[in-house]
Structures are given as C-alpha cells and as structure tokens.
Amino acid sequence: MSDAALPTVAEVRAAAEAVKAALDRHLAAVESRIGDEDPAVYAAFNELAAAAEEYDELLYDRYDEVTPFEIPTPETGAPYTGPAEPAAFSVLIRRDYAVVEPARLIAQAERVAAHDRDAELLDDGGTAGALGVLFGEYEPDEIASRYKEFGLEEGDSTLWVAALEEVAEPGDWLNSPFGQTDPQDVLHRFDVSSVFDEESDFEDEDEDEDEDAGDEESAARSGLAPA
C-alpha cells in the first residue's frame, strides 16, 4: 500500500476512541439489561464489534499491527446449540427499505383505498398512513418483489430459521415477537446486503489483476509483448 493510501494518524486515533465509546455503551447496556435477550445489549454488541473491526483494519493499514480482538462475522455467527432434530421452528425476517419517492408511495396507497373501504389512509394520509394501507393490502413478499412500484429502495435484509422445542401457544410471543430468539438456536441464516456485492467487485478486480499478471508472464516467456 502506498503512503498516499495509508489512513492518517488522526483516523486511527479516532477509530480507537470509537472503540472506547462503544465499550462504555456496551457495558452500560449490560448493566441495565432487561432479561436475557435484551435487544439493547445485542445492538451495543454489534456496535462494539463494528468499531473494533474498523480500528483493527486501520491499525493494520497504518502500522502493520494487529489487535487481539476476534470479530464475529455473519458467516460464522453464534454456534448452534439447539436440538439436532427440531420438531418446530420459527422464521424471522427483517427487510429494510428507504422511501425514495413519497409521492409514488402515497399515490399507490390512495389507489388501493379508493377500491377498498377498509383501507383508510390514517396518520394524516402521509407516508406512514400509506405504508399501513399497502402492507394491509399486499403480502410482504409481494412488496419485496414490486418495491420500485411503491417508490421504495431496498436496503439490507436477513432471514433466520430458528429451532423451537415446540410450537408456542397462540398469543404467547405476540408482545415480544423478536425478543425470544437465542442466536444459538438459529439453524440457518441468509443475509442480503450491498456490502457483499462490493466485496465481490473487489474480488473480481483482484482476479482480473492476477489474470493480467499471468498473461504478461506468459507473454514474457514466449517472447511476446502483451497487447
């Protein structure tokens, strides 16, 4: 790496300060946790992991030095410790969207409401009300396949398949639908993010460079100049 591409001393120090702040937030979340699966603790854990990873990368780039931190990644995740033959399972899905065309979103909701008396545009008829109408009319999978029609833009998404000892009684988990899943009960996880696309682009560039280098080496051995 050239000196021009190196992170600055200030950037490394800022990353170190970010780790310290993330450590404080994580400790505060743990000290005030509510139950064994407090989402605030999970959020603080993820923030700490991200800050530590950023610091580790900058430290290595600037000083060729590493930290003793072991950063968990989505590929490995928590080790599965649930039943080998689960009799039941839960599917947890999160999909993020950005509202990039509010007028289109509202227009689609108004069109639905015009044909369905039960589909009222609440919340003053803005984007919040429009989302209520559209998700009341369409299945989430249909919105996921037609998001551009609704003026939306896809963000990250994840799907977890988590093992259960038995199917919960009706209404048991409705007050806290996502707070009862232990990461170690997750059998399978499927993540979709533009981050992975960027990583693939970098890998493709590296492969192209390796192929170009190989072509030049072959040409040199044969006495030919590369085109």
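**Exercise 1. The helix pair at the N terminus**

Task: List the buried residues of helix 2 and find out which element they pack against.

Solution. Step 1: the buried residues of helix 2 are Val41, Ala44, Leu48, Ala49, Ala51, Ala52, Tyr55, Leu58 and Leu59. Keep in mind as you go that this is a predicted model.

Step 2: look for what covers them. These buried residues of helix 2 pack against helix 1, which spans 9-31.

Step 3: check from the other side. Helix 1 buries Val12, Ala15, Ala16, Val19, Ala22 and Ala29, and its buried residues pack against helix 2 in turn.

Step 4: compare each helix with its expected span. Helix 2 (residues 39-63) has 25 residues and reaches 36 Å from first to last C-alpha, close to the 36 Å expected at 1.5 Å a residue. Helix 1, with 23 residues, reaches 33 Å, close to the expected 33 Å.

Step 5: see what follows helix 2. Just after it, Asp64 takes a positive phi of about 55 degrees.

**Exercise 2. The overall layout**

Task: Work out the order of helices and strands from the N terminus on.

Solution. Step 1: take the inventory, which comes to 6 helices and 3 strands.

Step 2: read along the chain, and the elements run α-α-β-α-α-α-β-β-α.

Step 3: turn to burial and surface. Of the 227 residues, 21% count as buried. The chain exposes about 16300 Å², and carbon and sulfur atoms supply 51% of that area.

Step 4: consider the range of the contacts. Among contacts with a separation of 6 or more, 70% are between residues 24 or more positions apart.

**Exercise 3. The nonpolar cores**

Task: Which residues make up the largest nonpolar core, and which helix gives the most to it?

Solution. Step 1: collect the members. Leu105, Ile106, Ala109, Val112, Ala130, Val133, Leu134, Tyr138, Ile143, Tyr147, Phe150 and Leu152 form this core of 12 residues.

Step 2: assign them to helices. Helix 3 (102-115) and helix 4 (127-137) each supply at least two residues of the core. Helix 3 gives the most, with 4 residues.

Step 3: look for a separate cluster. Apart from this core lies another one of 10 residues, including Val12, Val19, Leu48 and Leu59. You met Val12 and Val19 among the buried residues of helix 1, and Leu48 and Leu59 among those of helix 2.

Step 4: set this against a general tendency. In soluble globular proteins, nonpolar side chains tend to be buried together.

**Exercise 4. A glutamine in helix 3**

Task: Is Gln108 buried or exposed, and what does its side chain reach?

Solution. Step 1: place the residue, which lies in helix 3.

Step 2: apply the cut-off. Gln108 has 14% relative accessibility, so it counts as buried, the limit being under 20%.

Step 3: follow the side chain, which reaches the backbone oxygen of Glu149 at 3.0 Å.

Step 4: add the neighbours. Leaving aside residues within four places in sequence, Gln108 is in contact with Leu134, Glu149 and Phe150. Leu134 and Phe150 are members of the largest nonpolar core.

**Exercise 5. Strand 2 and its partners**

Task: Describe how strand 2 pairs with strand 1 and with strand 3, then compare the surroundings of Thr158 and Asp156.

Solution. Step 1: start with strand 1 (residues 88-99), which runs antiparallel to strand 2 and is joined to it by 11 bridges. One bridge pairs Ala88 with Leu164 in strand 2.

Step 2: move to strand 3 (residues 186-192), which pairs with strand 2 in the antiparallel sense over 6 bridges. Here Trp160 stands opposite Arg189.

Step 3: examine Thr158, placed in strand 2 (residues 152-164). Thr158 counts as buried because its relative accessibility is 18%. Its side chain and that of Trp160 are joined by a polar contact of 3.1 Å. Beyond four places in sequence, Thr158 is in contact with Leu92, Ile93, Arg94, Arg189, Phe190 and Asp191.

Step 4: examine Asp156, also in strand 2. With a relative accessible area of 41%, Asp156 is partly exposed. Not counting residues up to four places away, Asp156 touches Arg94, Arg95, Asp96, Val192, Ser193 and Ser194. The side chains of Asp156 and Ser193 make a polar contact of 2.9 Å.

Step 5: finish with a distance. Asp156 and Val192 are 36 residues apart in sequence, and their C-alpha atoms are 5.7 Å apart in space.

Terms used:
Residues numbered from 1 in each chain as written. Predicted model: local features only at pLDDT ≥ 70, side-chain atom pairs only at ≥ 80, totals over all residues. Heavy atoms only, no water. Core = buried A, V, L, I, M, F, W, Y, C linked by side-chain atoms within 4.5 Å. Buried < 20%, exposed > 50% of the residue type's maximum accessible area, 1.4 Å probe, protein only. Polar contact = N/O pair within 3.5 Å; in protein donor to acceptor, adjacent residues only side chain to side chain. Contact = heavy atoms within 4.5 Å. Expected span 1.5 Å × (residues − 1). Areas by Shrake-Rupley, 256 points an atom, 1.4 Å probe, with all protein chains shown as cover. Pairing = 2+ DSSP bridges.
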